[in-house]
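Here are my notes on this one, jotted down as I went through it. Have a look at the model first, then read on.

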Amino acid sequence: IPNPYIGNKEKTFYEVKNREKTITAAAARFEYEKGFDILLQAFRIVNQKYPDYKLIIYGKGDYEKEYGNILDSLNIRNSVSFPGLVSNVAESVKNSTAFVLPSRDEGIPNVLIETMAAGIPTISCDCPPGGPRFLTDNGRRGLLVPVDDYKALANAIFKIIEDEKLSLKLSNESREIITELTPSVIAKKWTDYFTEIINEKGY
């Protein structure tokens with residue numbers, strides 16, 4: 001059962017033509033499971049075609065230790081920034097071209113809920129146990145790519161950059177998550193679950 005969405009329900013996303021030329025990602029900590037190494041490889045491909053685009057990765061950790069060698073080997077250091085943690089990810093990335101969740105393993109990520117609710121086009125790795133697939137409705141309201149496939153990830157970024165209709169569609173349909181994850185809906189899921197357990201046990 002996912003967490004409820006309790007953030008801003010107003011329409012806050014930027015029009016496609018006014019979005020900044022940035023690709024964003026975020027996590028609480030820089031860890032292998034978050035897949036940022038794959039995102040950096042994908043961004044190199046994007047950067048070669050669109051050198052004016054920047055990659056911003058929010059999170060906590062020593063990015064030089066984790067990704068310094070990758071940045072240098074891919075020659076993208078000047079196009080990637082690591083601003084650190086932010087208290088409101090959706091607010092910080094709401095005018096991005098796309099938000100990317102390159103995780104190798106993820107439950108039902110709150111960061112994806114928040115960015116989708118803000119109407120930001122998202123791309124997620126289709127990682128186990130299936131949180132991104134659930135939130136994106138099998139890829140309908142957010143693009144899904146295979147785990148560890150940096151070429152597929154780059155191609156998905158290209159799609160959003162180059163297809164204004166797709167970008168707008170993802171912005172609009174991603175906000176369905178607000179209704180589906182309202183506190184009352186999630187509370188009912190928990191109530192139904194506990195009722196089922198009680199009935200099974202015969203209490």
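1. Let's start in the sheet: which residue in β2 does Ala26 stand opposite? That would be Tyr58. Keep in mind throughout that we're looking at a predicted model.

2. The pairing behind that match is between strand β1, residues 22-29, and β2. The two pair in the parallel sense, and six bridges hold the count. To get from β1 to β2 the chain goes through helix α1, residues 36-49, and this β-α-β crossover is right-handed.

3. Tyr58 is also a handy marker on the other flank of the pairing list, as Gly84 in β3 stands opposite Tyr58. Strand β3 covers residues 80-84 and runs parallel to β2, with three bridges joining them. Here the chain crosses from β2 to β3 by way of helix α2, residues 63-74, and this β-α-β crossover is right-handed.

4. How many of the seven residues of strand β2 are buried? Five are, so β2 (residues 54-60) is largely enclosed by the rest of the structure. That goes with a strand that pairs with β1 and is joined to β3.

5. On to the cysteines, in case you were planning to set up bonds. The disulfide count comes to zero. For Cys125, the nearest cysteine sulfur is that of Cys127, 6.8 Å away, and Cys125 is in no disulfide. A disulfide needs the two sulfur atoms within 2.5 Å, so at 6.8 Å this pair doesn't qualify. Looked at from the other end, Cys127 has the sulfur of Cys125 as its nearest cysteine sulfur, and Cys127 is likewise in no disulfide.

6. Are these two cysteines buried or exposed? Cys125 has a relative accessible area of 1%, so it is buried. Cys127 counts as buried too, at 1% relative accessibility. The cut-off for buried is under 20%.

7. Last stop: Tyr150, which sits in helix α6, residues 150-162. Its relative accessibility is 28%, so Tyr150 counts as partly exposed. What does Tyr150 touch, once neighbours within four places in sequence are left aside? The partners are Ile38, Gln41, Ala42 and Ile45. For a sense of the sequence gap being bridged, take Phe43: Tyr150 and Phe43 are 107 residues apart along the chain, yet their C-alpha atoms are separated by 8.4 Å.

Technical notes. Residues numbered from 1 in each chain as written. Predicted model: local features only at pLDDT ≥ 70, side-chain atom pairs only at ≥ 80, totals over all residues. Heavy atoms only, no water. Buried < 20%, exposed > 50% of the residue type's maximum accessible area, 1.4 Å probe, protein only. Helix = DSSP H or I, 4+ residues; strand = E, 2+ residues; numbered from the N terminus. Pairing = 2+ DSSP bridges. Right-handed = clockwise from strand over helix to strand, strands pointing away. Contact = heavy atoms within 4.5 Å.
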